[in-house]
Amino acid sequence: PRVWIWADLGADGLASSATELATKARALGDEVGAVALGPGATDAVAALGEHGVSIGYAAEDERLIEPSSRVAAHTLAALIAEREPDLVLFPSSYRARDVAGRLQAITGATIMANAVDVPAPDRARAEVLGGTTIVEVALAGPTPHLVLMRPRSFEPEVVGGSCAVVAVDVVEPPDLAEVRVLERIDAAASGPTRSAAPRSAPHEPRSTPAGCRTRCRSGRPARP
């Protein structure tokens with residue numbers, strides 16, 4: 001199977017979630033790809049070769065960081081239509097959730113959020129009832145399946161290797177409305193940090209009621 005990850009980009013470059021997702025993708029797929037869209041994307045995906053990514057898709061265009069994420073979602077949808085991956089793993093960042101949600105609306109693919117593990121390209125796991133029960137979810141519907149992972153679900157591993165970088169054409173939807181950020185307020189974060197959070201333990205499904213064995217089907221919201 002062909003497994004891709006969405007590589008988040010931040011002010012300091014590649015987000016640590018990308019190395020976590022790359023590690024899991026390597027265990028699932030024969031071909032592991034990473035997609036990064038925005039300034040710094042080329043260097044970011046190239047660095048993921050150390051984590052087992054064999055091919056990286058990158059575009060540096062400034063249009064890709066517009067606030068609505070519509071350009072990024074349409075660009076990713078066009079790339080998916082061309083390359084046909086079986087599974088795309090996303091982190092649970094604000095931007096990744098925006099892109100994944102819009103991508104689902106464009107493609108009609110199955111989407112699942114808050115997963116803690118992906119044992120196979122067509123199955124995922126989630127915790128319910130305060131983490132006391134692990135639910136096995138069958139990912140039905142057309143591919144690629146889109147799965148948003150809970151933070152720190154996997155331990156990054158460096159395996160060595162190189163990543164071939166492919167330039168991606170930007171796709172801008174014809175009805176794109178201008179969205180402007182009028183004000184940005186930076187405030188100091190409080191509470192536990194992501195880096196201090198414990199990593200998830202390996203997840204094995206427990207005995208669950210029949211109602212907890214579920215299937216995730218595709219649906220199409222009104223507007224991508």
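Four elements each give at least two residues to the lining of the largest pocket: the strands β2 (9–10) and β3 (13–14), and the helices α1 (16–28) and α4 (94–107). Keep in mind as you look around that this is a predicted model. The space inside the largest pocket comes to about 810 Å³. Its lining is made up of 34 residues, and the ones closest to the centre are Asp8, Leu9, Ser93, Tyr94 and Arg95. What kinds of residue make up the lining of the largest pocket, by class? There are 14 nonpolar residues, nine polar ones and 11 charged ones.

Now turn to the sheet. It is an open one with seven strands, and if you walk across it you meet them in the order β7-β11-β6-β1-β4-β5-β12, with parallel pairing. The walk starts and ends at the edge strands, β7 (111–115) and β12, each of which pairs on one side only. From one strand to its neighbour in this sheet, the average turn is 25 degrees, direction ignored. As for what holds such an arrangement together, strands of a sheet pair through backbone hydrogen bonds, and they can do so either parallel or antiparallel.

Let's stop at β5, which covers residues 55–59. On one side, β5 pairs with β12 in the parallel sense over four bridges. If you'd like one contact to find by eye, Tyr57 has Val166 in β12 as its bridge partner. There is also the pairing with β4 (residues 31–37), which runs parallel to β5 and is joined to it by five bridges. Here you can look for Ala34, whose bridge partner in β5 is Gly56.

Is β5 largely enclosed or largely open? Five of its five residues are buried, so the rest of the structure largely encloses this strand. The residues of β5 point two ways: Ile55, Tyr57 and Ala59 go one way, Gly56 and Ala58 go the other, and all of them are buried.

Next come the charged contacts. In general, side chains of opposite charge can pair when their charged atoms come close. In this model the count comes to 10 salt bridges. One of them joins the side chains of Arg63 and Asp61, with 2.9 Å from N to O. Both partners are partly exposed: Arg63 has a relative accessible area of 38%, while the value for Asp61 is 26%.

A second salt bridge connects Arg123 with Glu136, and their closest N and O atoms are 2.3 Å apart. Arg123 sits in strand β9 (residues 123–128) and Glu136 in strand β10 (residues 133–139), so this pair ties together parts that are 13 residues apart in sequence. Arg123 is partly exposed, at 32% relative accessibility. The pair also belongs to something wider, a network of salt bridges that links Lys24, Asp117, Arg123, Arg125 and Glu136.

Strand β9 takes part in another link as well. Glu127 forms a salt bridge with Arg150, the closest N and O atoms being 3.0 Å apart. This pair links distant parts of the chain, 23 residues apart, with Glu127 in strand β9 and Arg150 in the loop between β11 (145–149) and β12 (164–167). Both residues are partly exposed, Arg150 with a relative accessible area of 25% and Glu127 at 24% relative accessibility.

Finally, a few spots in the backbone are worth a visit. Most residues other than glycine have a negative phi, and most peptide bonds are trans. Which peptide bond is cis here? It is the one from Thr143 to Pro144, with omega near 5 degrees. You'll find Pro144 in the loop between β10 and β11.

Two residues that are not glycines have a positive phi. Glu84 has a phi of about 60 degrees, and its place is in the loop between α3 (70–83) and β6 (87–90). With a relative accessible area of 57%, Glu84 is exposed. Asn114 also has a positive phi of about 60 degrees, but its place is in strand β7, one of the edge strands of the sheet. Asn114 is partly exposed, with a relative accessible area of 39%.

Note on methods. Residues numbered from 1 in each chain as written. Predicted model: local features only at pLDDT ≥ 70, side-chain atom pairs only at ≥ 80, totals over all residues. Heavy atoms only, no water. Salt bridge = Lys/Arg side-chain N within 4 Å of Asp/Glu carboxyl O. Buried < 20%, exposed > 50% of the residue type's maximum accessible area, 1.4 Å probe, protein only. 1 Å grid on protein atoms, 1.4 Å probe; cavity = no way out; pocket = protein on both sides within 12 Å on 5 of 7 lines; lining within 4 Å. Points joined across faces, edges and corners; volume = space filled by probe spheres on them. Nonpolar A, V, L, I, M, F, W, Y, C, P; charged D, E, K, R; others polar. Pairing = 2+ DSSP bridges. Axes fitted to C-alpha atoms, helices over the stretch in contact; angles between N-to-C directions.
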